[in-house]
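Welcome! Please take a moment with the sequence and the 3D structure, and then read on for a short guided tour by topic.

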Amino acid sequence: RGGGPRFGGGRRERDPKRPALQVKNKAPAEVQITAEQLLREAKERELELLPPPPQQKITDVEELNDYKLRKRKTFEDNIRKNRTVISNWIKYAQWEESLKEIQRARSIYERALDVDYRNVTLWLKYAEMEMKNRQVNHARNIWDRAITTLPRVNQFWYKYTYMEEMLGNVAGSRQVFERWMEWQPEEQAWHSYINFELRYKEVDRARTIYERYILSLLVIVHPDVKNWIKYARFEEKHSYFAHARKVYERAVEFFGEEHMNEHLYVAFAKFEENQKEFERVRVIYKYALDRIPKQDAQNLFKNYTIFEKKFGDRRGIEDIIVSKRRFQYEEEVKANPHNYDAWFDYLRLVESDTDAETVREVYERAIANVPPIQEKRHWKRYIYLWINYALYEELEAKAKRTRQVYQACIELIPHKKFTFAKIWLLYAQFEIRQKNLPLARRALGTSIGKCPKNKLFKGYIELELQLREFDRCRKLYEKFLEFAPENCTSWIKFAELETILGDIDRARAIYELAIGQPRLDMPEVLWKSYIDFEIEQEEYEKTRNLYRRLLQRTQHVKVWISFAQFELSARREESLSRCRQIYEEANKAMRNCEEKEERVMLLESWRNFEEEFGTDTTKERIDKLMPEKIKKRRKLQAEDGSDAGWEEYYDYIFPEDTANQPNLKLLAMAKLWKKQQQESEAAEMDPDKDIDESQS
């Protein structure tokens, strides 16, 4: 084809005369293949699995030597490639060890140590090999070299001392511990040395080690309270109680007042408690509580309280608890003087323990923190301080001071913005308890004049009712209804009062005035009460008139049902016909009602009535009036006007409405005709199919 010689492996150059290929369709393929899928298929088809090497059986010494040579060459090559990878050295040495070539393995470990003598695992494997092959002196030599080279690795010291102890060389193990202690190791090393001596019943030696630990090393390295406590408990455990007390005293002296710790004093007190030295315990606790800050002495308080409960008298226990809690409450009210909950807890504490003057002083401090904003929600908790103060003065002190507290509180409240009916009522009740009725009435009258409230009127009326002052009650109800004419409960209570007093005409007049009000908060309750009142008086004709008047105002289904049930409950000859007539009127009146559920409710009530009292004809008639329940769909719209999908709902089609609307009747007939047509077509298709099959 011309051109120079072509060399393999090079990239073929594109002919400049040929046009470049263009990809017309750059869309992704329909089936996408991931790298994970390719790898999974390769694994399933076992494309990259290599057959296992054949097993080699060594039959003579020459083949064994050849195998050893090849393996050693492989290990040496690995070491030459990665000299600093210690795992290669360890595998090489362990292989030689498996062949019982201890000298060769030792040589490999030595070569590895020349590479990295700081590797802890290498030293451990080397020493374990020597111990495993019972080369004790070699192992000692390795441990000596290890602790000399790396004296801060505690594992070497632990292993070395453990080996000597297992060999029964107690003196050698002690010598190793002594060498270790010269390096001033961590706390656990000292305790290991102490436990070692205790295992061999060397209590004096253990005490000496504790002394060295505390005096020479602890001051510099471990100035911690728990080490002193451990030393003292060691002495206590071995029944050296005088030594233990001396250790605690030295600890208290060592830490002084600048670095006092509650744990030291708790441990010291418990030690003295175990020795039945209760006065010493009390002195220790008091000494510590006087010098340690209260926030750091919670555990100390707790233990002191437990001690006093076990061995002290009642007064001592109460003093501890009260002093602790009083300090806490003082801190809380100092941090936030308007934290009224803290004041309540504080006052509850001082009321239970201290004298009246102290309690009065705390109350005066509490009520001095007036809320800075004249809003009722900020005063709701504060006003209870005054209430508790007045109740305390009435129960514990004198009545004169109680009256002064109530009057001061009433003067403090800004009545033009808000008031508290509870204060006025409590003050009036207090005056009644003092048999001072004029002052009680004056207080309630002043409250109604300054700041009338529903609760004040109700409380005043209740007071006069208890005193059987009915004329005053009437006047108060009149004032109350002038203040709040929309309050249906007040009208009902007023009418009930007149009913109890036997003045029926007056009660009826009150009800008439009530239903004539333009605004009422609960008119349905008022009408029901008026109707019940007339029923109780057995004025059935007036009750019917009331129902008719109510139906002129509202066509609610419950009113119709209640009217029908009233006629049924009259228990007269014409009651059934009257009841059925009301159901008829209600059904006609509710034909144009948009709420179809209410009409269904009416028909169901009518059906229940007919099932119990009606004939077959009336039952059949009401069944024909019952609607058909169908499922429909309607389009929903969101708040912004966009489509929000479709919603399914149930609708009712009443037979009476269907008869009045010819379109609905025509639609039903069309559906029936379509259904019949489909059935006839299906029936005609089967015989034609059989004829075609016979012809074929």
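In helix 3, the buried residues are Ile-86, Asn-88, Trp-89, Ile-90, Tyr-92, Ala-93, Trp-95, Glu-96 and Glu-97. Please keep in mind that this is a predicted model. The points below start with that helix and then visit a helix pair, a single phenylalanine and the chain as a whole.

**Helix 3 and its surroundings**

- Three helices pack against the buried residues of helix 3: helix 2 (61–81), helix 4 (102–115) and helix 5 (120–132).
- Helix 3 covers residues 86–98, and at 1.5 Å a residue its 13 residues should span 18 Å. Its end C-alpha atoms are indeed 18 Å apart, so the expected span and the model agree.
- An α-helix has 3.6 residues a turn, so residues three or four places apart point the same way.
- After helix 3 comes Lys-100, which has a positive phi, near 65°.

**Helix 5 beside helix 7**

- Helix 5 packs with helix 7 (residues 154–166) at an angle of about 10°, and their axes lie 11 Å apart.
- Because angles under 35 degrees count as roughly parallel, helix 5 is roughly parallel to helix 7.
- On the helix 5 side, the contact is made by Val-120, Trp-123, Leu-124, Glu-128 and Met-131. They meet Gln-155, Phe-156, Lys-159 and Met-163 of helix 7.
- Sorted by class, this contact of helix 5 with helix 7 has six nonpolar residues, one polar residue and two charged residues.

**A look at Phe-483**

- Phe-483 belongs to helix 25, which runs over residues 470–483.
- Phe-483 has a relative accessible area of 38%. Buried means under 20% and exposed means over 50%, so Phe-483 counts as partly exposed.
- Leaving aside residues up to four places away in sequence, Phe-483 touches Pro-452, Lys-453, Asn-454 and Phe-457.
- Phe-457 is 26 residues from Phe-483 along the chain, and the C-alpha atoms of the two are separated by 9.8 Å.

**The whole chain**

- The secondary structure of the protein chain consists of 35 helices and two strands.
- The protein chain has 696 residues, and 36% of them count as buried.
- Among contacts in the protein chain with a separation of 6 or more, 46% join residues 24 or more positions apart.
- About 45400 Å² of the protein chain is exposed, with carbon and sulfur atoms supplying 49% of that area.

Definitions and conventions:
Residues numbered from 1 in each chain as written. Predicted model: local features only at pLDDT ≥ 70, side-chain atom pairs only at ≥ 80, totals over all residues. Heavy atoms only, no water. Helix = DSSP H or I, 4+ residues; strand = E, 2+ residues; numbered from the N terminus. Expected span 1.5 Å × (residues − 1). Buried < 20%, exposed > 50% of the residue type's maximum accessible area, 1.4 Å probe, protein only. Contact = heavy atoms within 4.5 Å. Axes fitted to C-alpha atoms, helices over the stretch in contact; angles between N-to-C directions. Parallel < 35°, antiparallel > 145°, perpendicular 65-115°, else oblique. Nonpolar A, V, L, I, M, F, W, Y, C, P; charged D, E, K, R; others polar. Areas by Shrake-Rupley, 256 points an atom, 1.4 Å probe, with all protein chains shown as cover.
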